[in-house]
Amino acid sequence: MTEPSTIADRFRARFGANPHVYRAPGRVNLIGEHTDYNDGFAMPAAIEFYCRVAISPRKDRKLNIYSKEFSGAVEVDLSGAPPRPSKTWSDYPIGVALQLEQAGFQLRGANFLIETEIPMGAGLSSSAAVEVATALALADQSGASPSRLQLAQLCQKAENEFVGARVGIMDQFASLHGQADHALMLDCRALTFESLLIPDSVKLVICNTMVKHELASSEYNRRRADCEEAVRRLATVMPGIRALRDVSLDQLEQHRHFLSDVTYKRALHVVTENARVLDSADALRSGNIVRFGKRMAESHHSLRDLYEVSCRELDLMVDLAFQQKGIYGARMTGGGFGGATINLVDATYVAEFKEKIAKSYQKETGLLPHIYICRPAEGAGPAPSSAISTRQ
């Protein structure tokens, strides 16, 4: 029997109703890693890999959620006692539904089908895209009209409080606010952004190492705790600081004796990374791609040596990138401990770059990397009728 060709067809085959379809993109972060939960600056861009949600209303208050990719179905009754986290994929959509309810939005019951083409474990925010697509679908079909900023905040809160990952807001914000051909210069405290054009002369090339080490989630939360400890200690001599965003490099060096070696390194990364993001934005505004690439390289070294979230495979992929023609900058992207690198490559050399780095990485590791050539994409919304099939 032939597989239905679109997500709408697959929804009809399972639930017997005509759905509305919504999509939310993944994101790549050009620079500004682990700065968002420190009230700092980051520069993400949405990418043309999507999570799609097909949804139709039910007469009761049950959410009947199915996903083939995540291997399962789950049902939750919004009229009953709030469910507890299951530590599985379903915590993401269920957590979002609970946050919408707690924010005062009365949700209707729904059947929905979740499909994603965003590589999981690659540091491209597949989880945030699930949250955002779910939030848009549930809000729209229930007649609710939260702002995009409120949706981003509710999705972040779902991941913090229900999933248990203490993420910042960058991923959800980028998925909702992405703009075609532009990166977002995001102020994670003010929650405002500036659109910065990525010129046609360069391409964003994502190199998926195809590894994700198990300690990623626990170490992510530990890094955030290290930063919070640094702020507590620095606040004894710098009254009024709220986050590492408020600390200059001179102030950090002046007061480093209040910090342990570990918390000093974590703080040094965040303080210097914020400066790199600001300088990278200036570089993009002036069209200085060489300068932007240098900041990317510095960012990777800081993530490797100070924040200690890189790994052998990521370091190898970055090193190999700088051996190729047309490379401006390369760094790990995402939470770390595996996943992907982001590379800024001259468009003239992008095909050669893709071929040669894949061969070199496979020769060194025995792993065949997945390489994606991207342009920044528009943010989440209803899926165009011409774009509701997922990549096979």
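**Entry 1: an aromatic pair**

I began with two aromatic residues and found Phe49 buried, and Tyr372 buried as well. I note here that the model is predicted. I then counted the aromatic pairs and arrived at 4. In the pair of Phe49 and Tyr372, the ring centres are 5.1 Å apart and the planes stand at 65 degrees, so I logged the pair as edge-to-face; the cut-off for that class is over 60 degrees. The pair joins distant parts of the chain, since Phe49 belongs to strand 2 and Tyr372 to strand 11, 323 residues apart.

**Entry 2: strand 2**

Phe49 led me to the strand that holds it. I found 15 of the 17 residues of strand 2 buried, so I describe this strand as largely enclosed by the rest of the structure. I next looked up its pairing. Strand 1 and strand 2 run antiparallel and are joined by 10 bridges. I picked out one position there, where Ala24 stands opposite Cys51 of strand 2. With strand 5 (residues 110-116), strand 2 pairs in the antiparallel sense over 7 bridges. In that pairing I noted Leu113 of strand 5 as the bridge partner of Ala54. With strand 6, strand 2 makes 2 bridges, again in the antiparallel sense. Here I found Phe41 opposite Asp187, which is in strand 6.

**Entry 3: cysteines**

How many disulfides does the structure hold? I found 0. I wanted to know why Cys51 is not bonded, and the distance settles it: its sulfur is 11 Å from the closest cysteine sulfur, that of Cys155, too far for a bond. Cys51 is buried, at a relative accessible area of 0%. I checked Cys188 in the same way. The closest cysteine sulfur to that of Cys188 is in Cys227, 13 Å off, and this too is too far for a bond. I put Cys188 down as buried because its relative accessibility is 7%, against a limit of under 20%.

**Entry 4: helix 5**

I went through helix 5 (residues 170-177) and found 8 of its 8 residues buried, so this helix is largely enclosed by the rest of the structure. The residues I listed are Met170, Asp171, Gln172, Phe173, Ala174, Ser175, Leu176 and His177. What covers them? I found that the cover includes strand 1 (20-31), strand 2 (41-57), helix 3 (126-141), helix 4 (148-163), strand 6 (182-187) and strand 7 (192-197).

**Entry 5: an open sheet and its helices**

I traced an open sheet of 4 strands, in the order 9-10-8-11, with antiparallel pairing. Its edge strands are strand 9 and strand 11 (370-374), and each of them pairs on one side only. Ignoring direction, I have neighbouring strands of this sheet turned by 20 degrees against each other on average. Strand 8 and strand 10 share 8 bridges in the antiparallel sense. One of the partners I looked up there is Ile342 in strand 10, which bridges to Ile206.

I then asked which helices pack on the sheet. Helix 10 does, touching strand 8, strand 9 and strand 10, and its direction makes about 10 degrees with that of strand 10. Helix 11 also packs on the sheet, where it touches strand 8, strand 9, strand 10 and strand 11; its direction makes about 15 degrees with that of strand 8.

**Entry 6: helix 10 and Glu313**

I looked more closely at helix 10 (residues 312-321), which is mostly covered, with 8 of its 10 residues buried. The buried set is Glu313, Leu314, Asp315, Leu316, Met317, Val318, Leu320 and Ala321. These residues pack against strand 8 (202-212), helix 9 (289-305), strand 9 (327-333), strand 10 (338-346) and helix 11 (350-365).

From helix 10 I singled out Glu313. Is Glu313 buried or exposed? I have it as buried, with a relative accessible area of 9%. Leaving out residues up to four places away in sequence, I found Glu313 touching Thr209, Val211, His213 and Tyr361. I also took the separation of the C-alpha atoms of Glu313 and Ala297, which is 16 Å for two residues 16 places apart along the chain.

**Entry 7: Arg14**

Last, I looked at Arg14 and aromatic rings. The charged end of Arg14 sits over the ring of Tyr66, at 3.7 Å from its centre. Arg14 also lies over the face of Phe15, and there I have 5.8 Å to the ring centre.

Key:
Residues are numbered from 1 along each chain as its sequence is written. This is a predicted model: local features need pLDDT of at least 70, side-chain atom pairs count only at pLDDT 80 or more; totals for chains, interfaces and linings use all residues. Side-chain values use heavy atoms; hydrogens and water are left out. Buried means under 20% relative accessible area, exposed over 50%, partly exposed in between (1.4 Å probe, protein chains only). Contact means heavy atoms within 4.5 Å. Two strands pair if DSSP finds at least two bridges between them. Axes are lines fitted to C-alpha atoms, for helices over the stretch in contact, and angles run from 0 to 180 degrees between N-to-C directions. A disulfide is a pair of cysteine sulfur atoms within 2.5 Å. Rings of Phe, Tyr and Trp (its six-membered ring) pair if their centres lie within 6.5 Å; planes under 30 degrees apart count as stacked, over 60 as edge-to-face and the rest as tilted. A charge sits over a ring if NZ of Lys or CZ of Arg is within 6 Å of the ring centre and within 35 degrees of the ring normal.
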